[in-house]
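This report describes the fold of one protein chain, going from the sheet to the helices and then to some backbone details.

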Amino acid sequence: MKKRRSLHEIFLSNGGPVVNKWLHYFDIYEKHFARFVGTAPTILEIGVFKGGSLYMWQEYFGEGTRIVGLDINPECKQYAGENIEVVIGSQDDPAVLDDLLSRYQFDIVLDDGSHVMEHLNASFRLIYDRISPDGVYMLEDLHTCYLPRWGGGLKREGSFMETVKDRIDDLHATYCKDLPVSDFTRSTASINIYDSIVAFEKRPQGARLHVKSGAMGLLPSDFAR
């Protein structure tokens, strides 16, 4: 049986179209994406650039993987291939995203697009609730949340990092009478924050239970012996 190569190995041995990634991202990718390997996932990558990452994901996830790349640059059409569709349009265009979401249910969404705050927020708002119930929504290069050129800034209103902070509150809405339990609360298992990456892990959530455990019939004094 042929040994599966890690994503990092695929990247370092790339002899095809250009892939441009920060090296510290690869452990994060593996942590959140490894469970999809060999399951023929459907993936949306926002931002195609030179096309190399589309083929990197295809090799990593394996046979039957369906990948859709979204980019505003018409030249990116050339990177389409077998089970790889390239759609030309803006990541904040509701009509473009509605069309994609009517045709696919994505297991993974990776936003590596414009990195502009308005676009990050629009894509997340339009897509998140409509991906697979057990899917992953990951955004990278979020250091732009602190850079004015992309509409960012420390604690700046409209920064996607401020959106993340609000979603942390939503995740805990069941414990706060001032917050409504939302679709986000009901559908999100975790928010994972790294240097320049945030990954939202979806999973339908049930009622919270607080359970105590201990030996039956023993008194606290018995444990002091």
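## The central sheet

Seven strands form an open sheet of mixed pairing, in the order β3-β2-β1-β4-β5-β7-β6. The model is a predicted one. The edge positions are taken by β3 (84-88) and β6 (188-194); each has a single partner strand, so one side of each is left without a neighbour in the sheet. On average, neighbouring strands of this sheet are turned by 15° against each other, direction ignored.

Strands β1 (residues 42-46) and β4 (residues 108-111) run parallel and are joined by four bridges. L44 has V109 of β4 as its bridge partner. In general, strands of a sheet pair through backbone hydrogen bonds, either parallel or antiparallel.

## The chain as a whole

The protein contains seven helices and seven strands. Read from the N terminus, its elements follow the pattern α-α-β-α-β-β-α-β-α-β-α-α-β-β. Of its 225 residues, 44% count as buried. The exposed area of the protein is about 12,400 Å², and carbon and sulfur atoms supply 54% of that area. Among contacts between residues at least 6 apart in sequence, 62% join residues at least 24 apart.

## Helices

Helix α5 (residues 117-127) lies across four strands of the protein: β1, β4, β5 (136-139) and β7 (197-202). It runs at about 175° to β5. Helix α5 also packs with α4 (residues 94-103) and with α6 (residues 160-171). The table sets out the two helix pairs.

| Helix pair | Angle | Axis separation | Residues in contact, by class |
|---|---|---|---|
| α4 and α5 | about 35° | 10 Å | five nonpolar, one polar, no charged |
| α5 and α6 | about 35° | 9 Å | four nonpolar, two polar, one charged |

The packing of α4 with α5 is a right-handed crossing. On the α4 side the contact is made by P94, L97 and L101, and on the α5 side by S123, L126 and I127.

The packing of α5 with α6 has axes 9 Å apart. Here α5 contributes M117, L120, N121 and F124, while α6 contributes F160, T163 and R167.

Helix α3 (residues 52-61) is mostly covered, with seven of its ten residues buried. The buried residues are G52, S53, L54, M56, W57, Y60 and F61. After α3 comes G62, which has a positive phi near 100°.

## Positive phi outside glycine

Residue D141 has a phi near 60°, a positive value in a residue other than glycine. It lies in the loop between β5 and α6. The relative accessibility of D141 is 12%, and the cut-off for buried is under 20%, so D141 counts as buried.

Residue S196 is not a glycine either, yet its phi is positive at about 75°. The loop between β6 and β7 holds S196. With 10% relative accessibility, S196 is under that 20% cut-off and therefore counts as buried.

Technical notes:
Residues numbered from 1 in each chain as written. Predicted model: local features only at pLDDT ≥ 70, side-chain atom pairs only at ≥ 80, totals over all residues. Heavy atoms only, no water. Buried < 20%, exposed > 50% of the residue type's maximum accessible area, 1.4 Å probe, protein only. Contact = heavy atoms within 4.5 Å. Areas by Shrake-Rupley, 256 points an atom, 1.4 Å probe, with all protein chains shown as cover. Pairing = 2+ DSSP bridges. Axes fitted to C-alpha atoms, helices over the stretch in contact; angles between N-to-C directions. Left-handed = near helix turned anticlockwise from the far one by under 90°. Nonpolar A, V, L, I, M, F, W, Y, C, P; charged D, E, K, R; others polar.
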